[in-house]
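Subject: Structure handover

Hello,

Here is the structure I promised you. Please open it and keep it on screen while you read my notes.

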Amino acid sequence: MKSLGGVVLPDETQWIDQHEWSPVSQEVATTLGGNTVFFSQGLTGGQPITLEIEDGITWLGQETVKAIQGMAAQPGASFSLIWNDDVFSVQFRHHNRPAVSFQPLWPNHDLFTGTIKLIRV
């Protein structure tokens with residue numbers, strides 16, 4: 001099962017950047033003496049989660065879209081993302097606009113495709 005903040009997502013929803021993140025941050029600097037210095041730190045959050053609802057695979061109904069847009073309109077709010085057997089605490093990625101983007105299948109239609117941008121907190 002897949003859900004966001006209690007809103008059930010279609011099983012066919014795709015997490016398109018699931019394997020593009022590392023839990024390590026690293027900075028590299030060169031000293032005046034010419035030596036390379038590495039600074040590394042483990043990360044406890046910050047993993048981007050981009051969910052894709054793709055045309056021809058699955059769609060969202062208008063009520064689901066409105067519920068997700070309502071969640072995204074709450075500044076700083078955290079939500080539970082259930083992804084099969086895993087549960088994550090997430091916020092909408094407003095620093096990477098737009099945090100949510102939906103397009104109707106046809107003009108004035110009530111089925112939508114789109115993207116939901118989240119970040120683990």
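Below is what turned up, starting with the aromatic rings and ending with the helix. Keep in mind that this is a predicted model.

**Aromatic rings**

How many aromatic pairs does a search of the whole structure find? It finds three. Take W15 and W83. Their ring centres are 5.6 Å apart and their planes meet at 85°. Planes over 60 degrees apart count as edge-to-face, so this pair is edge-to-face. W15 belongs to strand β3, residues 14-15, and W83 to strand β8, residues 79-83. The two parts are 68 residues apart in sequence, so the pair ties together distant stretches.

Are these two residues buried or exposed? W15 has 9% relative accessibility and counts as buried. W83 is buried too, at 7%.

Now look at F79 and F92. Here the centres are 5.8 Å apart and the planes are at 75°, so this pair is also edge-to-face. F79 sits in β8, while F92 sits in strand β9, residues 86-92. They are 13 residues apart, and the pair links distant parts of the chain. Both F79 and F92 are buried.

Ring pairs also join W15, W83 and F88 into a cluster. W83 has one more partner to look at. The charged end of K2 sits over the W83 ring, 4.2 Å from its centre.

**Strands around β8**

Trace β8 residue by residue. Its side chains alternate. F79, L81 and W83 point to one face and are buried. S80 and I82 point to the other face and are not buried. This fits a general pattern: in a regular strand, side chains alternate between the two faces of the sheet.

Next, check the neighbours. Strand β1, residues 2-4, runs antiparallel to β8, and three bridges join them. Which residue of β8 is the bridge partner of K2? It is W83, the residue whose ring lies under the charged end of K2.

β8 and β9 are also antiparallel, with five bridges. Within this pairing, S80 stands opposite S89, and L81 stands opposite F88. The two strands form a hairpin with two residues between them. There, N84 takes a positive phi near 55°.

β9 pairs with β11 as well, again antiparallel, over three bridges. V90 of β9 stands opposite R120 in β11.

**The nonpolar core**

The largest nonpolar core has 25 residues. Those that touch the most other members are L4, L51, I68, L81, F92, I116 and L118. Several elements each supply at least two residues of this core, among them β2 (7-9), β6 (48-53), β8, β9 and α1 (62-72). Which element gives the largest share? It is α1, with four residues. As a general rule, nonpolar side chains in soluble globular proteins tend to be buried together.

Click on I116 for a closer look. Setting aside neighbours within four places in sequence, its contacts include L4, L51, I68, F92 and F102.

**The helix**

Finish with α1. Its buried residues are V65, I68, M71 and A72. Seen down the helix axis, they fall within an arc of 125°, so they line one face of the helix. The general reason is simple: an α-helix has 3.6 residues a turn, so residues three or four places apart point the same way.

Best wishes

Conventions
Residues numbered from 1 in each chain as written. Predicted model: local features only at pLDDT ≥ 70, side-chain atom pairs only at ≥ 80, totals over all residues. Heavy atoms only, no water. Phe/Tyr/Trp six-rings, centres within 6.5 Å; stacked < 30°, edge-to-face > 60°. Buried < 20%, exposed > 50% of the residue type's maximum accessible area, 1.4 Å probe, protein only. Lys NZ or Arg CZ within 6 Å of the ring centre and 35° of its normal. Core = buried A, V, L, I, M, F, W, Y, C linked by side-chain atoms within 4.5 Å. Contact = heavy atoms within 4.5 Å. Arc of directions from axis to C-beta. Pairing = 2+ DSSP bridges.
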